[in-house]
Every structure is written in structure tokens, then in C-alpha cells.
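Got your viewer open? Load the model, give it a slow spin, and then follow along stop by stop.

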Amino acid sequence: MKPRKVTKAVFPVAGLGTRFLPATKSIPKEIMTLVDRPLIQYAIDEARAAGIKEFIFVTSRGKSALEDYFDHAPELESALRKKGKEDLLEVLKDTNMDSGAIAYVRQNRPMGLGHAVWCARRLIGNEPFAVLLPDDVIAAEKSCLAQMVEAYEQTGGNMVAAMEVPPAKASSYGVLDIAEDMGTIVRAKGMVEKPKAEEAPSNLAVIGRYILSPKVLTNLNRMKQGAGGEIQLTDAIAEEVGAEGTGVYGYRFRGQRYDCGSKAGFLQATVAFGMARPDLRDEFTAYLHDTIAQQKAAQ
């Protein structure tokens with residue numbers, strides 16, 4: 001039996017973004033831009049490309065700029081129209097969401113990713129759903145979530161995006177314990193949140209894209225604390241390993257992932273996306289080459 005279509009997605013955006021202070025003192029981290037698009041726009045575009053129709057934001061106090069970003073801006077649109085700037089009006093179309101397409105729920109205190117997803121339970125209902133972490137920006141010819149949706153139609157159950165990482169970095173991720181490696185897809189027999197390098201069951205790490213069964217929400221209802229004293233989404237997913245009719249699968253996606261939750265990752269993504277833009281590539285690449293040459297000469 002083919003699994004139900006995935007049409008809902010949860011975006012946990014309640015974090016304080018302390019690694020980017022002082023910028024995040026006044027603006028949500030998710031509004032920070034790679035070139036000229038906010039992080040959250042990349043996540044929304046990826047979800048749209050995968051067929052998502054309902055977008056659920058788990059927010060917190062001070063995130064009103066996120067809500068405003070996806071609203072219409074009549075004054076701006078009118079000014080652009082009067083000046084004949086149709087190209088910019090076209091750009092704005094991607095930032096507008098239909099009435100009722102986005103819902104917002106509050107996470108009133110930070111208790112972990114699992115708790116953030118649990119906050120959206122009433123809007124998810126008894127349907128499979130996706131979770132996208134905007135910190136993880138993935139450059140891919142076909143969006144990462146679209147790739148996963150295609151694979152999920154064959155496997156059902158629960159699916160997490162996975163990539164290989166050096167053993168020394170395993171402690172920064174949830175890591176899959178692999179029961180069967182089928183190439184692009186692996187079947188998991190366990191998941192470990194942030195293991196020590198010597199205790200990691202594999203080098204296949206989970207990154208911020210998930211397709212989950214509503215049974216995960218039932219597991220989260222227990223409010224079981226995990227690593228760091230937080231309610232871990234990884235733990236709730238791991239409970240579905242081996243469960244009848246569900247199971248947990250890892251998906252080796254095609255694309256380049258950038259960790260925009262770190263300053264180094266954000267800068268790397270900025271360079272990569274800047275160099276990928278036809279309107280910026282030549283000038284930007286020349287500048288980078290000149291800068292590197294000057295640095296070498298100075299040494």
C-alpha cells in the first residue's frame with residue numbers, strides 16, 4: 001500500500017540564534033541572508049518543490065519579522081509597479097504566501113527539537129509530515145526534500161536525510177546504526193544522538209530534513225529527556241526502528257549541505273551561492289582570486 005502523500009511541513013524557528021549575536025539581538029537568525037535571500041526562503045522554496053502545501057512555523061517571542069516577511073507588502077509593491085520594476089515584483093512573488101497556507105505556534109521555552117515538533121502536533125494531526133531545519137541549506141539540482149519524498153513513496157515509515165561525516169565530527173550529530181545498506185537508502189536498526197567518536201555506530205549522520213510518521217508525535221508525548229536534558233527528536237524517531245509498518249530509513253541525498261547555524265558554514269554558503277549566481281559570478285570570483293593572491297604575497 002502506497003504511503004499517504006506528504007503535504008505538511010514543520011519549520012522549527014524558535015531558537016535565539018546566540019551564535020550570531022549581536023545581529024540576532026534584533027532580527028531572527030532565519031531572516032539573515034545568503035546573497036539576497038533569507039535562510040527561511042531557501043527552506044520554503046525547497047518544501048514547495050517537494051509538493052508541500054501547508055507550512056507550520058514553531059516560533060517564539062521576538063520572531064514577528066518572520067511573519068511579516070511572508071505577508072504581502074502593498075506599499076512596496078505599489079512603488080515598484082509605478083517605477084515599472086516588473087523584475088523586482090516577480091522576485092517578491094516567491095515571498096508571498098496564500099492566506100491560510102502558513103500557521104504559527106509558539107514554543108514558550110527551549111526544550112529541544114523534539115519538543116518544538118511536538119508543539120505542532122494539533123496542526124499535523126494523523127498525517128505524515130516533513131521537518132526542515134532552516135540552518136541546513138542544501139544546494140541541489142533537485143531539492144533534497146523532493147528527493148526524499150520520491151524515496152519515501154517506496155519505503156513509507158520514517159526517513160531522515162543522511163550524509164557521511166568524519167568520525168571526529170560524529171558528536172555534533174545524530175548518527176545512524178545501519179541494519180542494511182541499499183546504496184542511496186539505508187535501513188536503520190538504531191539512532192544515537194551526539195555519540196562520542198569512538199562510540200559512533202557509523203559515519204552516517206542525520207541532518208535537518210525528515211519525513212515522519214505521526215507515531216513519532218505519540219512518542220514525543222512522553223516528554224522523555226535525552227542528550228543535554230532536552231527532548232530529542234532523534235530519540236522519538238529511534239523508537240520506530242523495527243516497528244511494524246513503519247521503520248526508519250536514512251537517505252543519502254544528492255547535493256551540498258551548508259551548516260548555516262555556524263559562522264564558518266554561513267560564510268562558506270555565502271561564497272558558494274555568490275559564485276553560483278550568473279549576475280555576480282565574474283566580479284565576485286575575480287575579487288576572491290585577487291584577495292587570495294594578496295594574502296599569499298603578504299605572507
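Start with the whole chain in cartoon view: you should find 11 helices and 13 strands. Keep in mind that this is a predicted model.

**The whole chain**

How big is the box that the C-alpha atoms fill? Taken along the principal axes, it is roughly 60 × 55 × 35 Å. A compact globule of 299 residues would have a radius of gyration near 19 Å, and the chain has 20 Å, so the two agree.

Now switch on the surface. Its accessible area comes to about 15,800 Å², and carbon and sulfur atoms make up 50% of that. Of the 299 residues, 47% count as buried. If you look at contacts with a separation of 6 or more, 74% of them are between residues 24 or more positions apart.

Try colouring by charge next. There are 38 positive and 38 negative side chains, and the centres of these two sets lie 4 Å apart.

**Stop 1: helix H1**

Select residues 39–49, which form helix H1. This helix is mostly covered, with 8 of its 11 residues buried. Which ones are buried? They are Leu39, Ile40, Gln41, Tyr42, Ala43, Ile44, Glu46 and Ala47. Move along a little and click Gly51: just after H1, this glycine takes a positive phi of about 90 degrees.

**Stop 2: Phe57**

Select Phe57, which sits in strand S4 (residues 54–59). Is it buried or exposed? Phe57 has a relative accessible area of 0%, and the cut-off for buried is under 20%, so Phe57 is buried.

Show its neighbours as sticks. Leaving out residues up to four places away in sequence, Phe57 touches Phe11, Val13, Ile40, Ile44, Phe70, Ile102, Ala103, Tyr104 and Val105. You have already met Ile40 and Ile44, among the buried residues of H1. For a distance check, pick Cys119: it is 62 residues from Phe57 in sequence, yet their C-alpha atoms are 9.9 Å apart in space.

**Stop 3: Ser143 and helix H7**

Go to Ser143, in the loop between strand S7 (136–139) and H7. Ser143 is buried, with a relative accessible area of 14%. Not counting residues up to four places away in sequence, Ser143 touches Glu46, Ala49 and Ala50. Glu46 is another of the buried residues of H1.

Carry on into H7, residues 144–155. At 1.5 Å a residue, its 12 residues should span 16 Å; the end C-alpha atoms are 16 Å apart, so the helix agrees with the expected span. Buried residues in H7 are Cys144, Leu145, Ala146, Gln147, Met148, Val149, Ala151 and Tyr152. Just after H7, Gly156 takes a positive phi of about 65 degrees.

**Stop 4: backbone oddities in the loops**

Select Leu21 and Pro22 together. A cis peptide bond joins them, with omega at about 10 degrees. Pro22 is in the loop between strand S1 (8–12) and strand S2 (33–34).

Then jump to Val35, in the loop between S2 and strand S3 (37–38). Val35 is not a glycine, but it has a positive phi of about 65 degrees. Val35 is partly exposed, at a relative accessible area of 30%.

Finish at Lys194, in the loop between strand S10 (185–193) and strand S11 (204–212). Here too phi is positive in a residue other than glycine, near 50 degrees. Lys194 is partly exposed, with a relative accessible area of 47%.

Key. Residues numbered from 1 in each chain as written. Predicted model: local features only at pLDDT ≥ 70, side-chain atom pairs only at ≥ 80, totals over all residues. Heavy atoms only, no water. Helix = DSSP H or I, 4+ residues; strand = E, 2+ residues; numbered from the N terminus. Rg over C-alpha atoms; globule rule 2.2 N^0.38 Å. Buried < 20%, exposed > 50% of the residue type's maximum accessible area, 1.4 Å probe, protein only. Contact = heavy atoms within 4.5 Å. Areas by Shrake-Rupley, 256 points an atom, 1.4 Å probe, with all protein chains shown as cover. Lys, Arg positive; Asp, Glu negative; His and termini not counted. Charge placed at Lys NZ, Arg CZ, Asp CG, Glu CD. Expected span 1.5 Å × (residues − 1).
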